[in-house]
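Dear colleague,

I am handing over a structure to you, and I would be glad if you could open it before reading the rest of this email. My notes on it come directly afterwards.

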Amino acid sequence: EYGKTKQKFRIEDCLDGKVDFSSWKPKFQDELYRLLAIDAEPKYEIDMEEPQGEVEGYALSKMTYILPGGLICPCYILKPKKPKAVVLAFHGHGIGVKDILGTVTEDSYQHHFALELCKKGFVVLAPEFLGFGTLRLQKDYELGDDPDAWSCHRLSMNLLASGKSLLGMRVTQAKAVLRIARNMYPEKKLGVMGISGGGTVATFLSALEDSTIASVVISGYANYFKDSILDMHH
């Protein structure tokens with residue numbers, strides 16, 4: 001039963017002194033990698049970076065990186081004139097990464113937060129996640145910027161049948177962008193901010209990359225398992 005299920009990795013055991021955190025953490029991370037069915041070091045190739053003009057006076061460029069299997073993934077970069085740090089910005093459910101860049105006039109619950117971070121002096125790398133925007137299945141892509149036209153369910157079912165998961169694919173995307181950001185700005189502190197589905201990715205990424213990420217902001221994700229994942233259609 002749900003209430004009687006004992007968690008395999010309880011952080012409370014570390015806080016209570018029953019388990020040493022230095023030995024708990026690598027075992028916990030190994031289990032996350034197993035459940036997500038991903039590699040610790042993502043394989044990717046950087047394709048190109050192209051200027052896209054400006055958004056409210058801030059430079060915008062588009063970089064593409066390629067994952068194994070030929071999946072071409074876009075990542076947008078917003079740059080202030082005097083960057084003080086780097087933030088990875090992870091969008092949630094909606095029309096895709098455009099929801100947070102400030103490149104569309106319509107506002108949503110995400111409030112163009114990548115652009116807002118750039119205004120505060122951060123270089124922002126904002127990847128588009130599989131299932132949204134340009135990374136949807138063709139029939140969903142043809143619906144244009146319909147905020148409900150994402151491809152999550154069909155992709156999830158196909159990936160699960162292949163021994164993988166959609167969350168694992170998105171975390172792999174995030175890990176690749178993290179490596180790219182670290183190579184681009186090795187001297188800058190690096191943070192992560194994600195909302196809704198992007199908050200999910202930020203949560204798992206920060207658990208796996210805690211030694212690289214300086215600060216994490218998670219919005220609209222944390223919840224009880226029974227009241228979220230088990231209670232609604234995903």
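What follows describes the core, then two pairs of helices, and then one residue.

This is a predicted model, in which local features need pLDDT of at least 70 and side-chain atom pairs count only at pLDDT 80 or more, while totals for chains, interfaces and linings use all residues. Residues are numbered from 1 along each chain as its sequence is written, and side-chain values use heavy atoms, with hydrogens and water left out.

The largest nonpolar core (a set of buried Ala, Val, Leu, Ile, Met, Phe, Trp, Tyr and Cys residues joined through side-chain atoms within 4.5 Å) has 39 residues, and those touching the most other members are Tyr65, Leu88, Phe90, Leu125, Val192 and Leu205. Buried here means under 20% relative accessible area, with a 1.4 Å probe and protein chains only. Helix H7 (residues 166-184) gives the most to this core, with 8 residues; helices are DSSP runs of H or I with at least four residues, strands are runs of E with at least two, and both are numbered from the N terminus. Leaving aside residues up to four places away in sequence, Leu88 touches, among others, Leu125, Ala174, Val177, Leu178 and Leu205, where contact means heavy atoms within 4.5 Å.

Two packed helices are described by the angle between their axes and the distance between the axes. The axes are lines fitted to C-alpha atoms, for helices over the stretch in contact, and the angles run from 0 to 180 degrees between N-to-C directions. H7 and helix H8 (residues 197-208) pack at about 60 degrees, with their axes 9 Å apart. That makes H7 oblique to H8, given that angles under 35 degrees count as roughly parallel, over 145 as roughly antiparallel, 65 to 115 as roughly perpendicular and the rest as oblique. Residues of H7 including Leu167, Ala174 and Leu178 meet residues of H8 including Val201, Phe204 and Leu205.

Helix H6 (residues 152-161) and H7 pack at about 100 degrees, with their axes 8 Å apart, and are therefore roughly perpendicular to each other. Cys152, Leu155, Ser156 and Leu159 of H6 make this contact with Leu166, Met169 and Arg170 of H7.

Finally, please look at Ala89, which has its place in strand E4 (residues 85-90). Ala89 is buried, with a relative accessible area of 0%, and among the residues that Ala89 touches are Ile100, Phe113, Leu117, Val124 and Met193.

With best wishes

Methods
Buried means under 20% relative accessible area, exposed over 50%, partly exposed in between (1.4 Å probe, protein chains only).
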